[in-house]
Amino acid sequence: MKLGKSKIIGLAALLVVVLVICGAVAFRGWQQKNAPQPVKTETVTGYLGGEKISLFEDQKFTELARKNGLDVDYRKAGSLDMMTADRNGMSYLFPSSKVAVEYGKAQNIDTSSADIVFNSPIVIYTHKQVADALVGNGMMSQENGVYHIDMAKAVDAMKNNKTWADVGWNGGYGSFRIDSTDPVKSNSGNEYAALVATVLNGGQPATTDSVQRDSATLQTIFGKSGWMDSSSEDSFNQFLTLGVGSKPMMIGYENQILDLAVNQPDAWKQVKDDIVIVYPTPTVWSTHMLIPLDDKGRKLLTLLKSDDVQKLAWQQHGFRSANFSGTDGINRFGVPGTVDQVTSVTELPSSDAMQAIIGILQKQQG
């Protein structure tokens, strides 16, 4: 049978359609077979110091975590508080110091897999009018825009119940003090207590004997602050919110002001001409360590120590690390008065001495 020209064209068109459909089906199958499969994630939950919340809520951190199979969740807790908190369902503890890790070990927590993740020096935050007044009095100094405070003079002033007027600031009410978080619950307050105890010991790391000897002075100094926050994040936010009359000076972490400048530019713009960062002479390093409690916690530790997270933690949140803080200067944050190298640092007291400090201040709180 001879096909007409129109039928031949119709059959050819049909054949083309069939080939196109078959090709599309085959291509779709190839795409599905070769497309990257979504990474299966598991939720990892633990206790986290408040100063690290901004990092854990960073979208870039969330994406890095998911690429590595983790959905990271947290519960906020003070570094010492988390060591006695309910750990049911928890995969990690992320305090802000070796002291807290040792305290956890004393609470029968397995700390054998704990490792250092970030570092941040303890600093003091104050206001321009206070800083300039204390520079005029000689307790503080300022060189090239960087403020330092002589901790021996500061502790002596608190020990001898000097008023704000006595130390040069006539705008202050009551006794001169440097506020902190609760040293029994939170690391920044605890490390400040260690620094005070060391200064009282002539600049040598405090011992159990020196802590007992100076117990009344330690209680007097911390009694000046009244109620204290248990979270460094809450304390810093209160400092920014309440102003110079409520919190003239407070202990914090260096990274807090750097984090603010990067992630809350509008808030930073409002306070940048008033807030002053002060480096104590001497100061102590806060060493942020993660304690994995199970396999998921160990996966989180691996993620946190990866180059991608270490770089993110420094560039976006101000946490120093061996890999990035030395090569990428701190001036990247645009925060006046910061330094690349913290040179005047003292060692923390031994674990036994730190336990003694906690015990003495617990007694004061009743």
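**Aromatic contacts, a cavity and strand β9**

With a relative accessibility of 17%, V199 falls under the 20% cut-off and so counts as buried. This residue sits in helix α7. Its C-alpha atom is 6.0 Å from that of A152, although V199 and A152 are 47 residues apart along the chain. All of this refers to a predicted model, and the same goes for what follows.

Now for the rings. Searching the whole structure turns up 11 aromatic pairs. Take F56 and Y92: their ring centres are 6.3 Å apart and the planes meet at 50°, so this pair is classed as tilted. F56 belongs to helix α2 (residues 53-56) and Y92 to strand β3 (residues 92-94), so the contact ties together parts that are 36 residues apart in sequence. Both F56 and Y92 are buried. W164 and F176 make another aromatic pair, this one edge-to-face, with 4.9 Å from centre to centre and 80° between the planes. Here W164 and F176 both lie in the loop between α6 (151-159) and α7 (187-200), so the pair links parts that are 12 residues apart in sequence. As for accessibility, W164 is buried, and F176 is buried too.

F56 and Y92 also turn up in a wider grouping: together with F61, F94, F118 and F319 they form one aromatic cluster. One member of that cluster, F94, has a charge over its ring, as the charged end of K52 sits 4.6 Å from the ring centre. Elsewhere, R332 lies over the face of F333, and the distance to the ring centre is 5.7 Å.

What about empty space inside the protein? Rolling a probe the size of a water molecule over the atoms shows where such space is left. With a threshold of 30 Å³ or more, the count comes to 1 cavity. The largest cavity holds about 50 Å³ of space. Its lining consists of 13 residues, and the closest to the cavity centre are E51, G78, S79, S186 and S232. Sorted by type, the lining of the largest cavity has 10 polar residues, 2 nonpolar and 1 charged.

That leaves the strands, with β9 (residues 285-292) as the meeting point. Strand β9 is mostly covered, with 7 of its 8 residues buried. It runs antiparallel to β3, and 2 bridges join them. In this pairing, L93 has I291 of β9 as its bridge partner. Strand β4 (residues 115-127) is also antiparallel to β9, and the two are joined by 6 bridges. One residue to pick out in β4 is P121, which stands opposite W285 in β9. P121 has 0% relative accessibility and so counts as buried. The C-alpha atoms of P121 and E254 are separated by 5.8 Å, while the two residues are 133 apart along the chain.

Put side by side, the ring and strand results share strand β3: Y92 of β3 pairs with F56 of helix α2, and β3 itself is bridged to β9.

Technical notes: Residues numbered from 1 in each chain as written. Predicted model: local features only at pLDDT ≥ 70, side-chain atom pairs only at ≥ 80, totals over all residues. Heavy atoms only, no water. Phe/Tyr/Trp six-rings, centres within 6.5 Å; stacked < 30°, edge-to-face > 60°. Helix = DSSP H or I, 4+ residues; strand = E, 2+ residues; numbered from the N terminus. Buried < 20%, exposed > 50% of the residue type's maximum accessible area, 1.4 Å probe, protein only. Lys NZ or Arg CZ within 6 Å of the ring centre and 35° of its normal. 1 Å grid on protein atoms, 1.4 Å probe; cavity = no way out; pocket = protein on both sides within 12 Å on 5 of 7 lines; lining within 4 Å. Points joined across faces, edges and corners; volume = space filled by probe spheres on them. Nonpolar A, V, L, I, M, F, W, Y, C, P; charged D, E, K, R; others polar. Pairing = 2+ DSSP bridges.
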